[in-house]
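Dear colleague,

I am handing over the structure we spoke about, and below it you will find some notes on its salt bridges. Please read them alongside the model.

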Amino acid sequence: GAPWARPRRARVVCPVDPTHTVWASQLENHIKRCNRTKERAKLVAQPFYSEGINAGGYVPPPAARAAGAVDWLALARRVEEKYAALVGDVPDGDPGEGQASDVAAGERRHDAADTRHDLQQAAILRCMRARGLVDLRHVYLEVGAGRGTLGGAVAGHFRSRPAAEAGEARLVFVERAPVRRKTDRMFRKPGAEKTRITQDYQNLDTFARARIDIRDMNVAELPQVKGASSVVMIGKHVCGGATDMSLRSMRTAVPALAEREDPLRPERSPMAGVAIAVCCHHRCTLDEYIEPAFIVSRDDESLGLTAEEFHAITRWSSWGTGSCAAKPGDGTAAAGGRQTKRAKRAKVQEPEPGAAPGGELEAEPEHEDAGAATRPEVELAERYSREQRAELGRKCKRLLDLGRVRWLRRNGFQSELVRYCDRSLTQENCLLLAWRDAAGAS
């Protein structure tokens, strides 16, 4: 018949990569040829890939799952009380004056945003030095590395030392998304190997980049880490649950994990410390959280929250760095945590479909949207001034971080939270630090 009388072919969303569509009649063949299918096959073939090895999967007890009306005002008061009893003041951890003397040697910086990041990285390095975490004997594993600027700052520090102390830091960048690898250029050497699996350049003696989701990362099999005697995990603005999965991945630094008990004991594990600048607490989930007992237990040293209350304080945490904490006249939105105009203009890296949160963002992570607040929460927010909401949000963040400190201490580390820089540089200015004491390290 006439062409216009023929039945129209239907297009369907590709189940492998929902960013494009295909003809329904060609779907089966397309799945085999889809670029994302080929890409995943390469990722899965990597020796350090182990699906879901760092996933949480926590299921709260029935008492914590009980549904019911939440007294938002009482919950806010409990946050205030628990913060005062368990956290107190977070100390300043940066002994310096905020000078960017430790940034990557020879790296060109072009604008104010670059300078701001340089100052943050320099401050993180000084905090690490104060805890004995800056030493050439360590391998530095940067999680959510993005472009790898924090690792670049570590390398720049060692290159800028006097000749007797200078050297090449051993680095591993872990990032799930493809990024521009400008920082990598400072580590590439003549004859560096370009792997067939990930198409990443690797210097087998000092540097490697691994493209993998933290959820699936087997640390013991990573380049540079395999066989290493001392590893420090670092990260700058590692979002939400990616911080929890990164901490959980430390258990996989011991080969044959399933055959070992207590894998983080110093005599078994090469993990020597942690320095992670945390952020985006509104993206934390109870099933992935590293220390769920701290959340749901009802003793004096825990929070005693239900799953719904946990979800509430993760949303409130965005008040600490989101629209309500912004300066007047900058496009501030209502108390529900909606994005500012600046955030909407910012270019933020989109996560891969189905991937866990993590990775460095082009925009400041504190501008991410925490989702719309419920009507009772809006009414609660209206009872607080802008400054009070911001303070409550920061207290929610620190309580969530305290559970991470507790987990690290329970696993043989000294650990603390510090403010590594002023909030004028970044509102996400809390650094999670962990190190072995002299007895544990010996």
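E291 counts as buried in this predicted model, because its relative accessibility is 11% and the cut-off for buried is under 20%. Its side chain meets that of R410 in a salt bridge, with 2.7 Å from N to O. The two residues belong to distant parts of the chain, 119 residues apart, since E291 sits in the loop between strand 9 (271–279) and helix 8 (292–296), whereas R410 belongs to helix 12 (residues 386–410). Unlike E291, which is buried, R410 counts as exposed, at 55% relative accessibility.

This pair belongs to a set of 19 salt bridges in the structure, and another part of that set is a network that links D17, R36, E39 and R211. Within helix 2 (residues 35–44), E39 and R36 are three residues apart, about one turn of the helix, and they form a salt bridge whose closest N and O atoms are 3.6 Å apart. Both residues count as partly exposed, E39 at 25% relative accessibility and R36 with a relative accessible area of 22%.

E39 also forms a salt bridge with R211, where the closest N and O atoms are 3.2 Å apart. Because E39 lies in helix 2 and R211 in strand 7 (residues 207–211), this pair ties together parts that are 172 residues apart in sequence. R211 itself counts as buried, at 13% relative accessibility, while its partner E39 is partly exposed.

With best wishes

Key:
Residues numbered from 1 in each chain as written. Predicted model: local features only at pLDDT ≥ 70, side-chain atom pairs only at ≥ 80, totals over all residues. Heavy atoms only, no water. Salt bridge = Lys/Arg side-chain N within 4 Å of Asp/Glu carboxyl O. Helix = DSSP H or I, 4+ residues; strand = E, 2+ residues; numbered from the N terminus. Buried < 20%, exposed > 50% of the residue type's maximum accessible area, 1.4 Å probe, protein only.
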